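Subject: Structure handover

Hi,

Here is the structure I promised to pass on. Have a look at it first, and my notes on what turned up are underneath.

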Amino acid sequence: MESASVTHSPALERPASLLASGAGWRRRAKDRLMTVLIAGAFALAMIPLISLVYEVTKRGIPGLSLAFFTEDARGVVGEGGGASHAIVGTLVITGVAAAISVPIGIMGAIYLNEYGQGRLRRALTFFVDVMTGIPSIVAGLFACALFELFFGPGIRLGVMGSVALSVLMIPIVIRSAEEVLKIVPNHLREAAYALGTPKWKTIVKVVLPTAFAGLVTGVMIAIARIVGETAPLLVTTGVVDSMNSDPFHGRMQNLAVYAYNEYRSPGVFKQAAYDKAWAAALTLIAIVMLLNVAARLVYRRYKTEIR
Amino acid sequence: MLGAATKRSAAEEGKPTMTGRPAGRTSTEPVTATGRGAKTIEARDVNLFYGDFHAVEDVTMTIAPNKVTALIGSSGCGKTTFLRSLNRMHELTPGARVDGHVSLDGEDIYGKGVDPVEVRRLIGMVFQQPNPFPTMSIYDNVAAGLNLNSRRVPKSQKDSVVERSLRGANLWEEVKDRLDKPGSGLSGGQQQRLCIARAIAVEPEVLLMDEPCSALDPLATLAIEDLISELKNRYTIVIVTHNMQQAARASDVTAFFNLDATGKPGHLVEVGATNEIFTNPTQKQTEDYVSGRFG
């Protein structure tokens with residue numbers, strides 16, 4: 001082999017001896033510096049998160065009591081009362097929002113991934129992307145305007161809050177469901193088609209069960225995302241002190257608005273009100289954490305290993 | 001020319017072998033004669049396109065019933081594309097188009113008003129990579145054809161169909177005690193036999209196989225080839241294979257596809273009895289290919 005005619009760049013020079021070529025102190029120092037910087041950046045990113053959880057826990061625990069979970073604030077002027085109406089309200093409003101968003105979101109994802117083609121699909125994807133960026137107050141005002149068309153101004157209902165939250169939740173469900181459906185390998189669909197299965201049945205009986213764990217996780221994360229939205233609920237569900245679990249009649253309290261209210265108008269017994277606000281915030285964080293943990297457990301239990 | 005290719009005699013079937021092949025159907029159990037019976041496929045002037053790209057040109061051939069027809073040729077010459085046009089899977093690719101005439105037992109499968117889903121029920125397919133449904137048990141995988149085809153079948157009938165199909169695929173003895181376990185827990189060769197069982201459970205008239213052994217080890221390949229020679233008694237079989245020795249061993253009729261150059265459409269060069277194609281081909285291209293001079 002003619003090596004004389006080939007000029008090597010200095011970077012490709014072979015070291016005289018491999019044993020003597022070990023990483024010099026310069027490179028090791030650089031490695032260590034980068035490790036420290038990266039770990040430091042991670043610690044920096046963790047600080048606000050940890051301090052937040054710490055603060056909310058520290059200030060929220062004094063507000064927690066049996067009364068907090070079992071009593072509402074009906075007729076309460078003093079220190080007593082609880083937030084059971086807010087907790088039930090959050091669960092009901094979020095539940096109805098999920099009931100609206102999940103079918104629409106999953107069917108939308110199925111359309112975009114399995115049926116959509118060409119211009120219509122691109123247009124729909126564009127609109128879904130736009131919807132993920134809608135400010136939450138805009139969603140709230142939309143729900144307000146929609147219901148005021150039918151029921152007149154000043155209407156406040158639990159289901160209005162659900163509709164506003166759905167507007168925020170649907171694009172999130174569509175996006176994550178679409179990603180999960182894309183992961184289902186095409187050869188499974190082909191296996192079903194080759195057996196003479198119609199397309200819709202392939203989707204219902206093969207694609208969706210295979211994607212099930214991912215779909216559930218995506219939905220739970222979407223719920224965790226909207227469970228603490230305050231702005232749309234401020235304008236749609238109203239403020240009320242008594243328990244109401246019917247989303248279709250009357251105002252409904254929820255944890256986010258409750259916390260806001262207690263903090264803004266604490267009344268005479270300031271400290272008790274502040275305590276209750278923090279306790280409501282702590283409860284919200286606990287709900288979000290429970291949903292995330294449940295999502296992970298469901299995923300681990302139901303995921304299908306696709307070879 | 002091809003001294004390596006061996007043809008097993010009929011006397012060897014059923015005897016335990018030294019190679020330790022998985023013992024399938026014992027020789028005392030007869031092949032049950034159920035099913036619709038094997039049918040003929042006629043292809044006439046078939047041209048296949050992916051969008052504007054002309055992939056396969058002017059294929060005319062007859063696929064005879066109760067015979068194994070092998071499609072051979074080098075990579076990219078259109079064998080799989082042509083195979084997929086026989087059960088209307090080609091058109092599932094966006095932009096794909098079929099020109100020409102393909103008929104099953106005299107009926108045009110691309111005719112107006114023909115439901116492709118019905119065609120695929122009659123012409124089954126087994127793929128290169130075994131693809132059992134991961135969310136279903138072995139039992140449900142085999143019965144998938146029944147479950148997914150909106151036929152309400154009573155359980156007892158389903159049980160007998162599953163058993164018959166697994167016996168037909170030489171898998172029954174190995175899985176009869178774990179029918180409720182997931183299909184993905186089997187070895188590659190077992191998975192492919194499961195896919196074959198799944199395909200024959202719906203009683204097709206033709207079975208198409210796209211390189212069914214290319215992802216399997218030699219022992220598993222042997223088991224599948226034995227299976228194919230049993231199955232041809234009940235079905236018409238078309239198999240695409242890269243492996244010339246396999247075509248020589250396992251098929252009755254061989255069709256050789258070739259490309260003139262990359263970018264040109266693939267076309268059928270020659271089709272005939274396997275013996276003739278491998279020992280006495282009429283086209284020079286065929287002779288070059290089967291003697292290993294290219295491809």
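Let me begin at strand S6 of chain B: S6(B) and strand S7 (residues 206-210) of chain B run parallel, joined by four bridges. One pair you can pick out is Gly124(B) in S6(B), whose bridge partner in S7(B) is Leu207(B). Before you zoom in further, bear in mind that this is a predicted model.

The side chains of S6(B) alternate: Ile123(B) and Met125(B) point one way, Gly124(B) and Val126(B) point the other way, and all of them are buried.

Now zoom out to the sheet. S6(B) belongs to an open sheet of 10 strands with mixed pairing, and the order in chain B is S5-S4-S1-S2-S10-S9-S3-S8-S7-S6. Strand S5 (107-108) and strand S6 (123-126) of chain B are at the edges with a single partner strand each, so one side of each has no neighbour in the sheet.

Further along that order, strand S1 (residues 41-50) of chain B is worth a look from both sides. On one side, S1(B) is joined to strand S4 (residues 96-104) of chain B by eight bridges, and the two run antiparallel. On the other, S1(B) pairs with strand S2 (residues 53-63) of chain B, again in the antiparallel sense, over seven bridges. Ala43(B) is a handy residue to click on here: its bridge partner in S4(B) is Val102(B), and its bridge partner in S2(B) is Met61(B).

S1(B) and S2(B) make a hairpin with two residues between them, and Gly51(B) in the turn has a positive phi of about 65°. S2(B) also runs parallel to strand S10 (residues 266-273) of chain B, with two bridges joining them. Val56(B) has Gly266(B) as its bridge partner in S10(B).

For chain B as a whole, the count is 10 helices and 10 strands. Of its 295 residues, 45% are buried. Among contacts in chain B with a separation of 6 or more, 70% are between residues 24 or more positions apart.

Over in chain A, two helices caught my eye. Is helix H4 (residues 118-132) of chain A covered or in the open? The number of buried residues among its 15 is zero, so H4(A) lies largely in the open. Its length adds up too: at 1.5 Å a residue H4(A) should span 21 Å, and its end C-alpha atoms are 22 Å apart, which agrees.

Helix H6 (residues 158-183) of chain A is mostly covered, with 23 of its 26 residues buried. From first C-alpha to last, H6(A) reaches 37 Å, close to the 38 Å expected at 1.5 Å a residue. There is a kink of about 35° at Leu168(A) in H6(A), shortly before the proline Pro171(A).

Last, the place where the chains meet. The contact takes 21 residues from chain A and 24 residues from chain B. On the chain B side, helix H2 (116-122), S6 and helix H3 (138-148) of chain B each supply at least two residues. The largest share of that side, four residues, comes from H2(B). By class, the side of chain B that touches chain A has 11 nonpolar, nine polar and four charged residues. So if you start at S6(B), you have a strand that stands at an edge of the sheet and also supplies at least two residues to the side that touches chain A.

Cheers

Terms used
Residues numbered from 1 in each chain as written. Chains lettered and ligands numbered in written order. Predicted model: local features only at pLDDT ≥ 70, side-chain atom pairs only at ≥ 80, totals over all residues. Pairing = 2+ DSSP bridges. Buried ≥ 20, exposed ≤ 12 C-beta atoms within 10 Å, placed from the backbone. Contact = placed C-beta atoms within 7 Å. Expected span 1.5 Å × (residues − 1). Bend = angle between axes of the 7 residues up to and from the residue. Nonpolar A, V, L, I, M, F, W, Y, C, P; charged D, E, K, R; others polar.
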